[in-house]
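The exercises below ask you to work through a set of contacts with the structure open beside the text. Each task is followed by a solution that goes step by step.

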Amino acid sequence: MKKKLIICALLFYFTTTSLVFAGGGWVSKKKHGYFKMEQRAIINANTFYNESGEVVSITGSSIYFSNFYGEYGITNNIDIIATIPFFVRSIQNSIKHLNSRSFTEGDELNYVGDLLVGAKYGILQKGSVVLSGSMFFGIPTGKVNGGKTEVLQTGDGEFNFMPRLDVGISLYPLPAYINVGTAVNLRTKGFSNEFHASFEFGWTVKEKLLLSGKVWLLKSFFDGAGPSAQNGIFSNNIEYLAIGPQVTYFINKNWGVSASIDGAAYGKNILAELTYGLGCFYRM
């Protein structure tokens with residue numbers, strides 16, 4: 001059950017960050033869009049925030065997400081959005097027991113993750129301030145109870161939907177912006193509902209380099225009828241405060257690459273490890 005809890009926490013962490021890394025308060029405009037391929041990974045994680053927020057040691061685990069993210073304007077005020085984790089690799093390390101001289105074999109699972117789709121509507125633009133509303137739907141296309149041990153997962157097995165508001169502020173004439181977002185994640189199958197909030201600041205250097213930093217908060221309402229995360233079922237009642245810098249380089253007006261490092265500064269029922277990301281994107 002401990003293994004199952006760890007993998008569920010990893011999956012939830014990746015799902016949440018994919019939302020935060022979206023286009024914020026700005027919409028793409030008709031027939032314009034943003035498309036990104038990204039590899040995200042937590043490698044050999046061996047520390048974990050328990051239900052009391054304390055960091056404890058765990059058996060090493062790794063997870064790799066190959067994601068496609070797309071945001072496309074079907075009108076000047078409406079974008080359609082999708083995050084597709086088309087390949088997820090989850091690994092549980094082998095264990096050597098020195099006292100008994102025994103060996104516990106590791107496990108792995110390779111599958112697709114849970115699909116996230118949605119739409120964003122540009123509510124208003126007044127001067128340098130934009131406001132948008134989004135609705136995201138989580139579809140359980142990933143696998144539950146996978147691997148030889150049947151405890152590894154690439155999805156949580158539940159549908160969820162998340163209404164979200166974003167405010168974007170251009171700091172022109174400074175080459176900088178701010179985005180603030182808030183959302184409520186409404187979950188099914190006994191999962192607790194959640195409150196999300198995020199803050200992002202970005203600064204462009206010589207038109208080619210964007211330096212940005214993000215902070216995001218997740219709080220559980222602890223209102224689910226299902227078992228708590230302590231039981232290792234469906235990664236319920238996760239909480240964290242996460243931070244992370246990202247560097248984006250624009251090769252030309254259409255193409256660019258990005259690199260990021262982020263992790264939870266505080267958490268409950270989630271890994272106390274860094275997440276690494278590398279991506280390539282196209283703007284049209």
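**Exercise 1.** Which residue's side chain does a polar contact of 3.1 Å join to the side chain of Arg40?

Solution. This is a predicted model, in which local features need pLDDT of at least 70, side-chain atom pairs count only at pLDDT 80 or more, and totals for chains, interfaces and linings use all residues. Residues are numbered from 1 along each chain as its sequence is written, and side-chain values use heavy atoms, with hydrogens and water left out.

Step 1: the partner of Arg40 is Asp262, at 3.1 Å; a polar contact is a pair of N or O atoms within 3.5 Å, where within protein one must be able to donate a hydrogen and the other to accept it, and residues adjacent in sequence count only if both atoms are side-chain atoms.

Step 2: Arg40 lies in strand 1, strands being DSSP runs of E with at least two residues, numbered from the N terminus. Arg40 is buried, with a relative accessible area of 2%, since buried means under 20% relative accessible area, exposed over 50% and partly exposed in between, with a 1.4 Å probe and protein chains only.

Step 3: the C-alpha atoms of Arg40 and Tyr64 are separated by 5.9 Å, although these residues are 24 apart along the chain.

**Exercise 2.** Place Arg40 in the strand pairing.

Solution. Step 1: strand 1 (residues 33–49) pairs with strand 16 (residues 274–283) in the antiparallel sense over 8 bridges, where pairing requires that DSSP finds at least two bridges between two strands. Step 2: the bridge partner of Arg40 in strand 16 is Gly277. Step 3: strand 16 also pairs in the antiparallel sense with strand 14 (residues 255–268), over 9 bridges, and there Gly256 has Phe281 as its bridge partner.

**Exercise 3.** How many salt bridges does a search of the whole structure find, and which residues does the network that contains Arg40 join?

Solution. Step 1: the search finds 11 salt bridges, each defined as a side-chain nitrogen of Lys or Arg within 4 Å of a carboxyl oxygen of Asp or Glu. Step 2: one of them is formed by Lys36 and Glu38, with the closest N and O atoms 3.8 Å apart; Lys36 is buried at 8% relative accessibility, and Glu38 is buried at 11%. Step 3: Glu71 and Lys120 form another, at 2.8 Å between the closest N and O atoms, and this pair links strand 2 (residues 55–73) to strand 7 (residues 115–126), its members being 49 residues apart. Both Glu71 and Lys120 are buried. Step 4: salt bridges that share partners join Lys36, Glu38, Arg40 and Asp262 into one network.

**Exercise 4.** Describe the aromatic pair between Trp255 and Tyr282.

Solution. Step 1: the structure holds 6 aromatic pairs, counted when rings of Phe, Tyr and Trp (its six-membered ring) have centres within 6.5 Å, with planes under 30 degrees apart called stacked, over 60 edge-to-face and the rest tilted. Step 2: Trp255 and Tyr282 are 4.9 Å apart centre to centre with 55° between the planes, and the pair is tilted. Step 3: Trp255 lies in strand 14 and Tyr282 in strand 16, so the pair ties together parts that are 27 residues apart in sequence. Step 4: Trp255 is partly exposed at 42% relative accessible area, and Tyr282 is partly exposed at 30%.

Terms used: Helix = DSSP H or I, 4+ residues; strand = E, 2+ residues; numbered from the N terminus.
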